[in-house]
Amino acid sequence: MVNASPIASLRHLPPDDRSRTGVNPPHTPLSGETVVTIGRDPSCHIVIDSQTYGMVSRRHAEIRYVPATPRDAAYWWVCDLDSANGTSLNQQALHGCQTLHPGDQLTFGQNGPVLVFEQATGEGLPPLETPLAMPSEPIAPPRESALTLTQLFPIFSTGLDLRRKAYLWPGAITVTFVVAMFMAIDSPLVFNILLASFLAIGCYYLIYRLCGKQKPAWVLLGTAIVTGLLLQSPVLPLFMWVFRDLLPGAITTDDRVLSFPVQLIQMFFGAGLMEELLKALPLFLILGLGSGLKPKLRDHWGIVEPLDGILLGAASAIGFTMIETLGQYVPAMVQDAQLQAGLELSQLRGLQLLIPRLLGTISGHMAYSGYFGYFIGLSVLRPHYRWRILGVGYLTAAGLHALWNTMGGVSPVLLAIVGMLSYAFLAAAIVKARSLSPNRTRNFATRLND
């Protein structure tokens, strides 16, 4: 007869915020008579709160006891029940079923709840120091459960969280823009605005997912709008006078062939330093406005860490790129092409310029401004070194910007290398910002290599 008394247990390892356990009960004795199920379904033995851990499946995993035989020692067995986000055993992906050892940690989904397997010596069990033997024959798989209505019609599933799991909003936004662009086919200007906006949102969404910190949409949109307004205000002529007239940033437009160092210096002052400072103005404004707020509000929409700076810097870059592309480069391209090829071909040339400029912003303006934003946020975490941090970030972002502009007239291959380098700088800043984040336990960043 199997010993019915508790011979092992599962203990929930709570996150840093101990008010959000999300596991009921937090400590569960295990008995050899019961197969313990874990998941969000209320019928499970260990119920995971769906609001706290939405990544856990309704029936995620199960643990069962296999008694000793004449040839094999007793052991405990954990099985993943084909969960959507998987189970990890000691940070290694669990495929099918594996034996459990004392101290093993089970993680359900990415950043999900962690349960620790604890075992005491008891009847029919080997001592803790004795390795648990693998079975000579695999145990039979769990009996197939009944077919349910939600399996046939997943849309009716009460546990389905479309917003967080199935990218509902990106799909809805895509459909909305597609319909709007169909309606604007006869209006090139409106079509270009819609297409540019969609491409910009797509590029920004990638950065947002990689950063993994929630930020109100109105704050991000407001940052982009403020940058766009700055480009239409007297601030731009003032910046051009300072960086291109007083400083050696006058960008020549004649046919003279300038040496690479001269072009690089001109671009460093006239494009890099000037434009990166202009795009950073909304961030400094938000930083100043948020300094008098309570910590919770400041964390919600202000800048308290490098991830905030990256998100807001990239949003500012979107506003800059939209105004620069739709207000300057595309109209100039259309006007020049119309004199040579007619109206229809000139509109096509404008699209051929618009698409790569907006897609390229992820390794261009977004990369430079997001990278500088990292240093703005870092200066909040390390106020004692504020000016050193800001100086390094500003000069590096301006240098990458100037290098891109200069390489445009040298070689497409070198231009691509500089673009990849700029994105690598931004990606490295995101990874470092996530490790430095005071809120990293709540980070939802996507791991692209999973």
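Start with the aromatic rings: there are 13 aromatic pairs, a pair being Phe, Tyr or Trp rings (for Trp, the six-membered one) with centres within 6.5 Å. This is a predicted model, where local features need pLDDT of at least 70, side-chain atom pairs count only at pLDDT 80 or more, and totals for chains, interfaces and linings use all residues. Residues are numbered from 1 along each chain as its sequence is written, and side-chain values use heavy atoms, with hydrogens and water left out.

Select Y371, Y374, F375 and F425. Ring pairs join Y371, Y374, F375 and F425 into a cluster.

Next, show F320 and K279. K279 lies over the face of F320, 5.4 Å from the ring centre. Such a charge has NZ of Lys or CZ of Arg within 6 Å of the ring centre and within 35 degrees of the ring normal. Move to Y329: the charged end of R357 sits over its ring, 4.2 Å from the centre.

**The cores**

Now pick Y204, I207, I310, M366 and F372. These have the most contacts inside the largest nonpolar core, which has 63 residues. Helix α9 (residues 306–341) gives the largest share of this core, 12 residues. A core joins buried Ala, Val, Leu, Ile, Met, Phe, Trp, Tyr and Cys residues through side-chain atoms within 4.5 Å. Buried means under 20% relative accessible area, exposed over 50%, and partly exposed in between (1.4 Å probe, protein chains only). Helices are DSSP runs of H or I, at least four residues, and strands are runs of E, at least two, numbered from the N terminus.

Zoom in on F372. Beyond four places in sequence, F372 touches E276, A280, F284, L390, G393, Y394 and A397, contact meaning heavy atoms within 4.5 Å. Another core, of 25 residues, lies apart; L30, W76, V78 and L115 are among them.

**H401**

Go to helix α12 (residues 386–407) and select H401. H401 counts as buried, at 2% relative accessibility. Outside its neighbours within four places, H401 contacts A271, G272, E275, E276, H365 and Y368.

**Salt bridges**

The whole structure holds 9 salt bridges, each a side-chain nitrogen of Lys or Arg within 4 Å of a carboxyl oxygen of Asp or Glu. Try E62 and R64, paired at 3.0 Å, N to O. Both E62 and R64 are buried.

Finish at K213. K213 meets E305 at 2.8 Å, N to O. K213 also bridges to D308, with the closest N and O atoms 2.9 Å apart. D308 is in helix α9 and K213 in the loop between α4 and α5, 95 residues apart. D308 is buried at 0% relative accessible area; K213 is buried at 8%. Add K215 and D299 to see the network of salt bridges linking K213, K215, D299, E305 and D308.

Note on methods
Rings of Phe, Tyr and Trp (its six-membered ring) pair if their centres lie within 6.5 Å; planes under 30 degrees apart count as stacked, over 60 as edge-to-face and the rest as tilted.
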